[in-house]
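Hi everyone, thanks for coming. I'd like to spend a few minutes on pockets today, so let's get the structure up on the screen.

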Amino acid sequence: FVVFLLVSLVTGTLATKLRNELEGTRQREKRTLALYALSREIVAETDLQQVLRKTVKTVADSIGGKTMILLHDREADVLYEGAADTPGSTLPDVKELAVAHWVLEHGQPAGRGTETIGEARAFFFPIKAEECTMAVLVIQPNKEEGMISSEQQQLIEAYTNLAAVAIIRLQLAKEAEQAKWLAESEKLHTA
């Protein structure tokens, strides 16, 4: 009888471990597919608004909650809404915008549940390429106690990296187009 009890305990423990590993594998597969889908959608996109909308929608679907990207106007030094997952969503209040400015200046995540400005209502993640922060991703969870797990933070970082690469690509394409027109204009002037 003791042998059967011992075998059943070992079998039950192994089955539970296997079930947990299977669930973890499914979650990783789901995250990988979401990343692949977003990269596939924005790689050929030529419109910045579409890139931002697709990024915001993907983040909102993956993490849950209201999501917004705040772009930085370098000339006026202000943040403005680039895209939001809910039409007509309101910009963060003055305190939240101050957190977004901090993230923009320091290039580090901040907000709810983080060590930096943890009392904020939302999470703020930089969208940056190299050392230049171009925008801020704002996530306000659906639940009041909602926290973002370390796996979700890694996923968000991957999303923001994809968005940053797409934004840089679009900026470079715009600059190349302007240079082309400038060269054509110069050619006409000298002719």
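Before we look inside, one bit of vocabulary: I'll count Ala, Val, Leu, Ile, Met, Phe, Trp, Tyr, Cys and Pro as nonpolar, Asp, Glu, Lys and Arg as charged, and the others, Gly among them, as polar. And keep in mind that this is a predicted model.

Okay, the largest pocket. There's about 500 Å³ of space in there. So who sits around it? The lining is made of 14 residues, and by class that's six nonpolar, three polar and five charged. If you want to find the middle, look for L48, H72, Y80, Q171 and K174, which lie nearest the centre. Strand 1, residues 66–73, and helix 4, residues 150–190, each give at least two residues to this lining. Helix 4 has the largest share, with five.

Now on to the second largest pocket, with about 320 Å³ of space. How many residues line the second largest pocket? The count here is 18, and K30, A34, D61, S62 and Y159 are the ones nearest the centre. Sorting that lining by class, we get six nonpolar, five polar and seven charged residues.

Which helix supplies the largest share of this second lining? That's helix 1, with seven residues. Helix 1 runs over 2–43, and along with helix 2, at 48–63, and helix 4, each brings at least two residues to the second largest pocket.

One thing to take away: helix 4 turns up in the lining of the largest pocket and also in that of the second largest. That's it from me, thanks.

Definitions and conventions:
Residues numbered from 1 in each chain as written. Predicted model: local features only at pLDDT ≥ 70, side-chain atom pairs only at ≥ 80, totals over all residues. Heavy atoms only, no water. 1 Å grid on protein atoms, 1.4 Å probe; cavity = no way out; pocket = protein on both sides within 12 Å on 5 of 7 lines; lining within 4 Å. Points joined across faces, edges and corners; volume = space filled by probe spheres on them. Helix = DSSP H or I, 4+ residues; strand = E, 2+ residues; numbered from the N terminus.
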